[in-house]
Amino acid sequence: MRALVTGGAGYIGSHMVRTLLDAGHDVTVLDDLSTGHRDAVANEARFVQGDVADSSEVLALLRDAKTDAIFHFAAKSRVEESVTDPRRYFQGNLTATLGLLEATLDAKVGAFVLSSTAAVYGTPDEVPIDEEHPKRPVNPYGETKLAIERALEAYGRAYGLRWSSLRYFNAAGAYHQVGLGERHSPETHLLPIILDVARGKRPAINVYGTTWPTPDGTCIRDYIHVRDLCDAHLGAVDFLRKGGESGAFNLGTGRGHSVREVIDAARRVTGHAIPVVEAPTRAGDPAILVAKVERAARILGFQAKRSNLEEIVADAWAFMR
Ligand SMILES: NC(=O)c1ccc[n+]([C@@H]2O[C@H](COP(=O)([O-])OP(=O)(O)OC[C@H]3O[C@@H](n4cnc5c(N)ncnc54)[C@H](O)[C@@H]3O)[C@@H](O)[C@H]2O)c1
Ligand SMILES: O=c1ccn([C@@H]2O[C@H](COP(=O)(O)OP(=O)(O)O[C@H]3O[C@H](CO)[C@@H](O)[C@H](O)[C@H]3O)[C@@H](O)[C@H]2O)c(=O)[nH]1
């Protein structure tokens with residue numbers, strides 16, 4: 001397969017590039033390096049610096065590379081920033097992706113895999129959340145991803161676009177053995193911030209809320225190892241290329257961990273005390289997000305293999321050190 005990975009210099013995209021290369025595929029990366037790192041892109045991949053919104057450049061690239069499948073990771077993804085600077089999200093995610101889809105249709109690319117998110121659901125009525133749960137995003141980031149999903153549905157029906165939308169829950173962990181891991185700046189994600197405390201870069205971890213309606217009062221999330229996520233993408237594209245139906249899939253483990261559980265796991269892995277500061281709640285945080293993962297298991301044959309919490313934390317820690 002000849003794959004285009006947009007956002008392939010970012011956290012999850014760079015792991016996808018490695019996964020595709022290891023499976024014997026040909027990879028081109030398109031990334032504007034707005035939040036990614038050139039040195040995260042494997043040498044065996046072709047790298048093009050550019051914006052996915054630039055339909056004519058992308059069309060030329062797709063034709064030149066004879067692309068069979070697109071993995072679309074490129075996006076802005078800081079939830080809080082999407083509230084304070086929504087145009088960056090409607091432009092950078094929705095408008096940019098519509099530009100990419102123009103080129104995708106014109107080049108007749110056979111499969112399109114979107115990085116979607118649990119944020120399309122908003123505050124859930126019930127957990128675990130299945131794919132049919134009502135979609136009521138509570139921030140512009142989730143709104144833009146939902147709007148992109150709706151465009152995929154309509155383009156599929158009208159123009160025959162074949163797509164898969166993968167709704168990730170919380171991506172974490174690293175492929176430290178090949179030098180890959182999470183390097184956001186600024187970092188907003190829980191685990192890398194906790195590990196920054198362990199390596200002395202921050203004094204303490206702020207826990208956003210301790211009176212949530214959960215057993216220990218802190219928020220619960222479904223953490224999935226970034227390498228398991230990448231394996232699921234291979235399953236999704238394989239399914240599409242064999243004639244499988246377009247659609248959306250949750251990617252998680254079906255198990256939730258509280259913020260305190262993640263901190264405790266990091267204490268065990270790092271041997272560091274990791275001081276905690278009890279802080280006010282963060283805008284837009286639902287108490288509990290846990291995926292129902294039966295659909296991806298049944299249809300894509302997906303099974304998380306590396307996503308127990310200790311392993312996720314240990315891999316992220318090995319990368320950081
Ligand atoms: N990290 C998570 O827990 C999580 C959860 C759910 C969904 N997602 C989605 O997964 C995808 C990847 O997330 P990530 O954490 O790796 O983010 P990231 O910021 O590390 O990677 C995004 C990459 O896209 C590039 N990019 C952004 N806009 C671009 C554009 N217009 N043209 C070309 N390149 C562009 C950036 O330079 C960066 O390399 C995103 O779509 C995100 O919304 C992530
Ligand atoms: O310093 C911190 C950082 C986070 N948290 C908490 O830790 C949990 C996880 O937070 P974070 O790592 O920021 O992830 P989420 O806010 O759950 O969002 C991630 O997971 C979503 C899907 O579940 C995706 O949509 C988003 O893109 C992705 O950033 C939340 O309860 C936060 O309140 C803290 O208590 N302290």
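A residue is called near a molecule here if its C-beta atom, placed from the backbone, lies within 6 Å of it. With that settled, good morning; I shall present a predicted model of a protein with a bound ligand.

I begin with confidence. The protein has an average pLDDT of 97, and 100% of the residues score at least 70. For the complex, the predictor reports an ipTM of 0.98 and a pTM of 0.98.

Let us turn to the ligand. Around ligand 1 there are 29 residues, of which Gly7, Gly10, Tyr11, Gly36 and Ala75 come nearest. By character, this shell holds 13 nonpolar residues, 13 polar ones and three charged ones. Which elements each supply at least two residues of the shell? They are two helices, α1 (11-22) and α4 (86-106), together with the strands β2 (26-31), β5 (111-117) and β7 (170-172). Helix α1 gives the largest share, three residues.

My second topic is a pair of helices. Helix α6, residues 190-198, and helix α10, residues 309-320, have axes that come within 10 Å and cross at roughly 55 degrees. The angle falls outside the ranges for roughly parallel, antiparallel or perpendicular, and α6 is therefore oblique to α10. The crossing of these two helices, α6 and α10, is right-handed.

Which residues meet at this contact? From α6 come Leu191, Pro192 and Leu195; from α10 come Val313, Ala316, Trp317 and Met320. The contact of α6 with α10 consists of seven nonpolar residues, with no polar and no charged ones.

Thank you for your attention.

Conventions
Residues numbered from 1 in each chain as written. Chains lettered and ligands numbered in written order. Predicted model: local features only at pLDDT ≥ 70, side-chain atom pairs only at ≥ 80, totals over all residues. Helix = DSSP H or I, 4+ residues; strand = E, 2+ residues; numbered from the N terminus. Nonpolar A, V, L, I, M, F, W, Y, C, P; charged D, E, K, R; others polar. pLDDT = per-residue confidence, 0-100. Axes fitted to C-alpha atoms, helices over the stretch in contact; angles between N-to-C directions. Parallel < 35°, antiparallel > 145°, perpendicular 65-115°, else oblique. Left-handed = near helix turned anticlockwise from the far one by under 90°. Contact = placed C-beta atoms within 7 Å.
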